[in-house]
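Got the viewer open? Here is a walk through the model, one selection at a time.

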Amino acid sequence: MSATCARHWTGSATATRSWAAGAVFVQARRQFARARRMLDESDYSARVGHRLLVVTGELAEEAGWAAFDSGDQVSARAFYNEAHVLAGSSGETELQTHILTTMAMQANHLAWTTRRQGVAREARRLAELAAAVAEHEPSPRLRALVSIRLAVAYANDGEAAGFRGAVAQARRELDHGEHPADLPWTEFVTPGEVDAAEATGHLSLGAPGRSVEIHRNSLEDAALSPRNRLCAAGYLANALLQQGDVAEAIRTGLCVITGLAGGMTSARPLARLRAVRGAAERIGDVEFCSRFDAAAHGLAV
């Protein structure tokens with residue numbers, strides 16, 4: 001099992017340590033506060049003011065993402081709301097799309113973890129608004145990202161036809177290949193990312209077998225970041241559990257916990273193992289329960 005974990009899900013120690021969400025959140029929050037003070041209190045020309053507005057919005061989004069990834073959903077929502085206001089004031093459609101897709105991602109995550117229909121509908125509204133804003137954006141990766149967020153939102157809201165259409169659209173966008181308008185922050189939007197969204201959607205729509213199959217394929221994508229690989233593996237463990245394969249779900253969950261032990265502080269992969277933790281307790285798997293609890297203690301999952 002350890003060799004499989006190392007090959008597919010943990011990534012290198014350097015890669016995982018470089019993505020410590022808690023430390024990133026502290027730094028991003030400080031940078032945002034500094035930019036916000038400059039925006040509110042400094043004297044500048046209209047051109048400099050517009051650029052400062054954009055940068056402050058970007059920093060608010062970064063702080064929100066870091067809070068989201070570390071499990072602080074209240075702070076994440078506050079920063080995303082701040083970023084949304086700043087982006088709207090800037091008139092920059094790329095920034096608005098970035099923030100709306102990130103807000104939709106958080107709402108999709110909360111819809112999954114809370115099973116609240118209202119949150120699923122909010123995710124759908126945010127993703128649809130992102131699609132409207134990005135309608136004329138030339139970047140295929142940006143448009144693919146919007147379709148990915150739409151796909152998961154439709155699935156969480158029980159819209160199977162919309163889900164399938166959004167997945168197909170995301171794949172068509174990536175078929176265009178690289179484009180000069182693609183932004184550096186969209187590099188993570190790969191076919192494996194579409195696979196992960198499709199697998200997640202199938203799980204939400206009650207097809208765990210199909211979810212397992214696609215998640216396993218997505219984990220073969222070498223372009224997946226270590227963080228996204230662990231998130232996908234967490235969903236795979238959940239799909240295996242829903243499929244009835246408790247033993248394999250626990251084995252996969254242990255791979256996720258092993259990956260987190262390499263230094264990554266993201267709370268999201270572990271949050272997706274809560275149901276697996278419950279199954280492990282029911283069958284008396286002390287090792288999984290103790291390792292999960294030890295990891296969760298540090299992440300406050």
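A residue counts as buried when its relative accessible area is under 20%. Keep that cut-off in mind for the first stop, and remember throughout that this is a predicted model.

**Stop 1: T101**

Select T101, which you'll find in helix α6. Is T101 buried or exposed? Its relative accessibility is 2%, so T101 counts as buried. Now show what surrounds T101: setting aside neighbours within four places in sequence, it is in contact with A130, L145, V146 and R149. Leave R149 displayed, since that residue comes back at the next stop.

**Stop 2: the largest pocket**

Next, bring up the largest pocket, with a volume of about 920 Å³. Its lining is made of 34 residues, and the closest to the pocket's centre are W65, M105, R149, F188 and N228. Colour the helices that give two or more residues to this lining: α4 (46-69), α6 (93-114), α8 (140-156), α10 (191-204) and α12 (226-243). Which of them supplies the largest share? That's α6, with six residues. If you colour the pocket lining by class, expect 17 nonpolar residues, nine polar and eight charged.

**Stop 3: the cavity**

Now for enclosed space. Rolling a probe the size of a water molecule over the atoms shows where empty space is left. How many cavities of 30 Å³ or more does a search of the whole structure find? The search turns up one, and the volume of this largest cavity is about 50 Å³. To see its walls, select R77, Y80, M103, Q106, A107, L110, E122 and L126. The elements that give two or more residues here are α5 (73-90), α6 and α7 (117-133). Once again α6 is worth highlighting, as it gives the most to the cavity lining, with four residues. By class, the cavity lining splits into five nonpolar residues, one polar and two charged.

**Stop 4: the loop after α6**

Slide along to R115, in the loop between α6 and α7. Check the backbone here: R115 has a positive phi of about 60 degrees, although it is not a glycine. R115 is also exposed, with a relative accessible area of 54%.

**Stop 5: W112 and Y235**

Step back to the rings. The whole structure has four aromatic pairs. Select W112 and Y235, an edge-to-face pair with ring centres 5.2 Å apart and 70 degrees between the planes. Why is this pair worth a look? W112 is in helix α6 and Y235 in helix α12, so the pair ties together parts that are 123 residues apart in sequence. Both partners are covered: W112 is buried at 5% relative accessible area, and Y235 is buried at 7%.

**Stop 6: F288 and F292**

Jump to another aromatic pair, F288 and F292. Their ring centres are 6.3 Å apart and their planes sit at 25 degrees, so this pair is stacked. Here both partners belong to one helix, α16 (residues 286-299), where they lie four residues apart, about one turn of the helix. F288 and F292 are both buried. While you have aromatic side chains on show, add F25, F32 and F79, which form one aromatic cluster.

**Stop 7: along α12**

Return to the helix that carries Y235. Put a distance marker on the C-alpha atoms at the two ends of α12: its 18 residues reach 25 Å, close to the 26 Å expected at 1.5 Å a residue. How many residues of α12 are buried? The count is 16 of 18, so to speak a mostly covered helix. Just past the end of α12, select G244, which takes a positive phi of about 100 degrees.

**Stop 8: E213 and S266**

For the last selection, pick E213 in helix α11 (residues 208-218). With 43% relative accessibility, E213 counts as partly exposed. Then add S266, which is 53 residues away along the chain. Draw a line between the two C-alpha atoms and you get a separation of 25 Å.

Technical notes:
Residues numbered from 1 in each chain as written. Predicted model: local features only at pLDDT ≥ 70, side-chain atom pairs only at ≥ 80, totals over all residues. Heavy atoms only, no water. 1 Å grid on protein atoms, 1.4 Å probe; cavity = no way out; pocket = protein on both sides within 12 Å on 5 of 7 lines; lining within 4 Å. Points joined across faces, edges and corners; volume = space filled by probe spheres on them. Nonpolar A, V, L, I, M, F, W, Y, C, P; charged D, E, K, R; others polar. Expected span 1.5 Å × (residues − 1). Buried < 20%, exposed > 50% of the residue type's maximum accessible area, 1.4 Å probe, protein only. Contact = heavy atoms within 4.5 Å. Phe/Tyr/Trp six-rings, centres within 6.5 Å; stacked < 30°, edge-to-face > 60°.
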